[in-house]
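Student: I have a structure open in front of me and would like to learn how to read it. Could you walk me through some features?

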Amino acid sequence: MLGLPDWLQGGPEWFDKKKKGRPKYRHLLTLGGDDAANWLWGDAGYLYFCISADDLKAGRFDRTLFEFQCC
């Protein structure tokens, strides 16, 4: 959580935007598939949840952005 995402297919264009020289978006959480939990997204896919730095600071988690990527 809140670390750097390990994008499977490269980061989405919106994630790399800057605001006053600082990253505009923050990584919240990455969920990977797990056979034991029956969590599978595509072929070895990942779900990425991100939020703007301003919304994170304000606690506006209803504005969370989502990205799905798979191999």
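Tutor: Let's go from the whole chain to single residues, keeping in mind that this is a predicted model.

Student: Fine. How many helices and strands does the chain have, and what pattern do they follow along the sequence?

Tutor: There is 1 helix, together with 5 strands. Going along the sequence, you meet them as β-β-β-β-α-β. The C-alpha trace spans about 40 × 25 × 15 Å along its principal axes.

Student: What share of the residues counts as buried?

Tutor: The label rests on relative accessible area: under 20% is buried, over 50% is exposed. Here, 24% of the 71 residues are buried. The accessible surface of the chain is about 5,200 Å², and 52% of that belongs to carbon and sulfur atoms.

Student: Which residues make up the largest nonpolar core?

Tutor: That core has 5 residues: Trp7, Phe15, Tyr25, Tyr48 and Cys50. Take Tyr48 as an example and set aside its neighbours within four places in sequence: its contacts include Trp7, Leu29 and Phe66.

Student: Now a single residue. Is His27 buried or exposed?

Tutor: His27 sits in strand 3, which covers residues 25-32. His27 counts as buried because its relative accessibility is 6%.

Student: What does the side chain of His27 reach, and which side chain does it join in a polar contact?

Tutor: One partner is the backbone oxygen of Gly3, at 3.1 Å. The other is the side chain of Thr30, in a polar contact of 2.6 Å. Beyond its neighbours within four places in sequence, His27 is also in contact with residues including Phe15 and Cys50. Those two belong to the largest nonpolar core.

Student: I have also heard of phi angles. What sign does phi have in most residues?

Tutor: Most residues other than glycine have a negative phi. In this chain, Lys20 has a positive phi of about 55° and is not a glycine. Asn38, also not a glycine, has a positive phi of about 60°.

Student: Where are Lys20 and Asn38 placed?

Tutor: Lys20 is in the loop between strand 1 (18-19) and strand 2 (22-23). Asn38 is in the loop between strand 3 and strand 4 (46-52).

Student: Why does Asn38 count as exposed?

Tutor: Asn38 has a relative accessibility of 64%, so it counts as exposed, the cut-off being over 50%. Lys20 is exposed as well, because its relative accessible area is 83%.

Technical notes
Residues are numbered from 1 along each chain as its sequence is written. This is a predicted model: local features need pLDDT of at least 70, side-chain atom pairs count only at pLDDT 80 or more; totals for chains, interfaces and linings use all residues. Side-chain values use heavy atoms; hydrogens and water are left out. Helices (H or I, at least four residues) and strands (E, at least two) are DSSP runs, numbered from the N terminus. Buried means under 20% relative accessible area, exposed over 50%, partly exposed in between (1.4 Å probe, protein chains only). A polar contact is a pair of N or O atoms within 3.5 Å; within protein, one must be able to donate a hydrogen and the other to accept it, and residues adjacent in sequence count only if both atoms are side-chain atoms. Contact means heavy atoms within 4.5 Å. A nonpolar core is a set of buried Ala, Val, Leu, Ile, Met, Phe, Trp, Tyr and Cys residues joined through side-chain atoms within 4.5 Å. Accessible areas come from the Shrake-Rupley method with a 1.4 Å probe; for residues, only the protein chains shown count as cover.
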